Number of protein chains: 2
Amino acid sequence: MRPFALLFLIGCSLLPAAAVAQQAEKADPLMLTKIRDEGMDRSRVMETAFYLTDVCGPRLAGSAGLQRANEWTKTQLAGWGLTNAAVEPWGTFGRGWDIEKSYVAMTAPYYHALLGAPKAWTPSTSGPLKKSVVVVKAATEADLDKYKGQLRDKIVLTEVANPPKTTFEPDARRYTAEELKKLTETPAAPTTAPDTDRMAARRAQLALRAKMADFYLSEGAAAVLSTRGGSDGTFFTSNGAPYAADAKPVLPEMEMAPEDQLRLIRLAEAGIPVEIELETRTLFQTQDLKGYNVVAEIPGTDRKLKHEVVMLGAHLDSWHAATGATDNAAGCAVMMEAVRILKAAGVQPRRTIRIALWGEEEQGLHGSKNYVKNHFADPATMQVLPDHAKLAAYFNLDNGAGKIRGIYAQGNAAVAPIFTDWLKPLADLGATTVTLRNTGGTDHLSFDAVGLPGFQFIQDPLDYGTRTHHTNMDTYERLPADDLKQASVVVATFVYHAAMRDQKLPRKPQPPAGKPQ
Amino acid sequence: MRPFALLFLIGCSLLPAAAVAQQAEKADPLMLTKIRDEGMDRSRVMETAFYLTDVCGPRLAGSAGLQRANEWTKTQLAGWGLTNAAVEPWGTFGRGWDIEKSYVAMTAPYYHALLGAPKAWTPSTSGPLKKSVVVVKAATEADLDKYKGQLRDKIVLTEVANPPKTTFEPDARRYTAEELKKLTETPAAPTTAPDTDRMAARRAQLALRAKMADFYLSEGAAAVLSTRGGSDGTFFTSNGAPYAADAKPVLPEMEMAPEDQLRLIRLAEAGIPVEIELETRTLFQTQDLKGYNVVAEIPGTDRKLKHEVVMLGAHLDSWHAATGATDNAAGCAVMMEAVRILKAAGVQPRRTIRIALWGEEEQGLHGSKNYVKNHFADPATMQVLPDHAKLAAYFNLDNGAGKIRGIYAQGNAAVAPIFTDWLKPLADLGATTVTLRNTGGTDHLSFDAVGLPGFQFIQDPLDYGTRTHHTNMDTYERLPADDLKQASVVVATFVYHAAMRDQKLPRKPQPPAGKPQ
């Protein structure tokens, strides 16, 4: 899931009367039971999650880990009997990037190994460095003036915006019944961008950061240590440079655990000489600048409907300092398990079911956006391709490893009663809620942007916001098996319903060309 | 605080009637106000904590960091006007030990830097190693047989007893009024060792571990990676070898974040070749095997009472993977701040006030035990020295960085109403509770063992048990300034009262010789 996505809960029109005409449902109750039994009693979702996380490793856009994951998932899906399994290029992404060495320690006033990771797409240090530090505090470009001539051959320490605090709130939580109810009741927020001030501030901050990066480089600094937040050994990561093949150079940079960064800053500001030993070795891959998605199908069996498609997906790429377990091996493992369950249960779907594991989501939903553009429609022009008419539904999962509590109907009032109906037999698993609200930040938006019915499930937050989302601690341990089993059953059930019913899912009115995503 | 100390809440006889005869109190109300103002409005406790943690660094028994802390605290206490400031040897401790390099990464199946720290008193690797791994699972010595001949030149991965779980409880908490009430009401537990089964199991476990360490060494393994627990980037640390000058050799060993250890184990157990790159360089200091305490005094001014002493203390040593902020720079900073406050407020104490910052507490209360033996009495023989009669009280602080909520009267029924009286004007600061209960695990026990009135304060637990106690994340960030200020005022008030009242604090009956501590 992309940064800030959790903030983009944009409201929409209210739920209409429950009397919305429903299409005939062709779900076989026996098959629903088989799906549930397979998912609950013979689950392989944790095994899949193990391969995606531990075996493939971190899966940054364009990295060797993502390539491993592309190959492994394609092979695994084909091995489960899916057809047309392929690693499908979506267009040009940019440079791949991998870490080959990462080491940082304080060597004066005493030795202490430090906790950090190279920012994505930053270059290597020229071998092991041992350098003294300068703390740079700048709220504006003008503030940089006083550091002119001070940074040559130094390691720059940037400020810590959010120091860790003792927390009296749990890291992980589940939605309460009250919160779920509120999700369905809260009046719709305006559909225009809700907080332009915040977005403008964010743009200004990014622009300042770019200027600072240029300044450090032009002043001849050796490297940068920065921090994006976290606590207790958890730290957040991001990209420190553009991934484009022609991106301009930046300095080597490590993102640090805030406790370590703050210690260095406190010491330096107290006038105590601080020396850092630093070695990063990063590898840029420029042979293949393309980005990829992995797709595979369970072919439809109904003569009239088999050319229609029900899609389900999640993004396969992750950040680089951990194995991207909740963001989003969890979603991929669940989606893969859902199609495995459907195969194992012997489903003969009327429509074709297609799983897509998206590449480069973290860098801007690139995989899904371009897939939609290549297969369905260009949101800029709203020129639609023939397959646009054939997509029955797209289901996405990308809010961590928490069990599914319901679904965002994404402002599609006509679909809400259908989902409500599908959820009824899943109530004992905790999946009950249909909200008309939009939710943002992930790949269903790519479909929604061109008027296709794309949906994201509501999931228990667990420790996604505090510990796992884009951190160095997004590891296999953060995946509760019971939650992933439940989610697999819910997704398999939804996909089965969508593949069997007489009609495709109802759509919202076609959006105008160039609608912002 | 030593491991398992929190478990040793040993009960005692019930509070007697409130009509216990009280000694005349000579506290000047104006002075109590001055103490409070100085501690709350002109606090320097965080500055002291910064020097103890960031500047001195980790302060393992016998380490260079502890030597720095000994020198700095002595100088600082003298600088505040205390007299007789000294770094006082208590006897023979053993070898000092410091880390000069610590690096561990997985290099196959892909590169990933790992989070860990050398176990205390383990030797260096012979330069950087690159080795494959063997997972060793053994519940008994016999289980080791199957690994014979399998370990040569390998890195041994030991099991993870407590894998991290998603937690729905807050890391940090404060005592509720109800919990504090319960502390005073709970019936006394038996005074004999409460859980001999648990202690026997613990001894058996330690014996097995020692056998395993011998086995790895004799089989020619290259190093060991183990884990003691933790989560989310927090990991617990301990010592991996005896510190005695003639201790037998062990292998280099790193204590790992459980997430990293578990990933390595899962990969290896799935048959995927795992390669580790490891370099530790540790330095043994054998020139000076002595252990030390730091002491300093505010001299008494009453002709009759100035030869009597009120002591306050906390241990200055810590573990090595962090800067020992809550265990126990917090306690030292508060005790130092308390004497600074008393000096700044212009207290002319009737008795002499002596602060002691103990060495080698984490290795068995060595500093305080030997100080007591050298100055007051030998618990084995109960031969008392002349100063035994002169100690009015000893106050200790070693339960983290939480504010003081009251005091453990340590089974001393006669002292309880006196403490209750002293706490009254501190109620608005949250310090209200006197419990007759014993609490264990730290340096007041050394006094209690020879019949001297030694007491430990009740503190809010905060995140001591979950995040800081003996972890790599026991850093300055874990110290809430308001809590340390409050604690400083409470301690200064208690010490002031004890230095001014007509009589020394009442004592429990003299214990028999050789009473177990």
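This short talk covers how two chains meet, what empty space the structure holds, and a few unusual backbone spots.

Keep in mind that this is a predicted model.

Let's start with the two chains. Two copies of a chain are related by a rotation about an axis and a shift along it. Here, a turn of 180° with a shift of 0.0 Å along the axis lays chain B on chain A. The RMSD is 0.0 Å. That is the relation of a two-fold axis.

Now the contact itself. Chain A brings 52 residues, and chain B brings 52 residues. Which residues of chain B lose the most area to chain A? They are Asp232(B), Arg266(B) and Glu477(B). Together they account for 15% of what the chain B side buries. The whole contact between the chains buries about 4,200 Å². Carbon and sulfur atoms give 60% of that area.

Do the copies use the same surface or different ones? Of the interface residues of chain B, 100% are also interface residues in chain A, so the copies meet through the same surface.

There is charge pairing here too. Ten salt bridges are counted between chain B and chain A. One of them can be shown on screen. Arg266(B) pairs with Asp54(A), and their closest N and O atoms are 2.4 Å apart. Arg266(B) was also among the residues losing the most area.

Next, empty space. Rolling a probe the size of a water molecule over the atoms shows where empty space is left. The search of the whole structure gives six cavities of 30 Å³ or more. The largest holds about 100 Å³.

What lines that largest cavity? The lining includes Gly62(A), Ser63(A), Leu66(A), Asp288(A), Lys290(A), Tyr292(A) and Glu360(A). Two elements of chain A, α3 (64–79) and β12 (290–298), each supply at least two lining residues. By class, the lining has six polar, three charged and two nonpolar residues.

Last, the backbone. Most residues other than glycine have a negative phi, and most peptide bonds are trans. Some spots here go the other way. In chain A, the peptide bond from Asp327(A) to Asn328(A) is cis, with omega near 5°. Asn328(A) sits in helix α7, residues 325–344. Chain B has a cis bond as well, joining Asp327(B) and Asn328(B), with omega about 5°. Asn328(B) lies in helix α7 of chain B.

Then there is Trp121(A). Its phi is positive, near 65°. Where is Trp121(A)? Look in the loop between β4 (116–118) and β5 (129–136) of chain A.

Key
Residues are numbered from 1 along each chain as its sequence is written. Chains are lettered from A and ligands numbered from 1 in the order in which they are written. This is a predicted model: local features need pLDDT of at least 70, side-chain atom pairs count only at pLDDT 80 or more; totals for chains, interfaces and linings use all residues. Side-chain values use heavy atoms; hydrogens and water are left out. Copies are superposed by least squares on the C-alpha atoms of residues with pLDDT of at least 70 in both. Contact means heavy atoms within 4.5 Å. On a 1 Å grid over the protein atoms alone, a cavity is a set of points where a 1.4 Å probe fits but cannot get out, and a pocket is an open set with protein on both sides within 12 Å along at least five of seven lines; lining residues have an atom within 4 Å of a point. Grid points are joined across faces, edges and corners, and a volume is the space filled by probe spheres set on the points. Helices (H or I, at least four residues) and strands (E, at least two) are DSSP runs, numbered from the N terminus. Ala, Val, Leu, Ile, Met, Phe, Trp, Tyr, Cys and Pro count as nonpolar, Asp, Glu, Lys and Arg as charged, and the others, Gly among them, as polar. Buried area is the accessible area (1.4 Å probe) that two parts lose on being put together, summed over both. A salt bridge is a side-chain nitrogen of Lys or Arg within 4 Å of a carboxyl oxygen of Asp or Glu.
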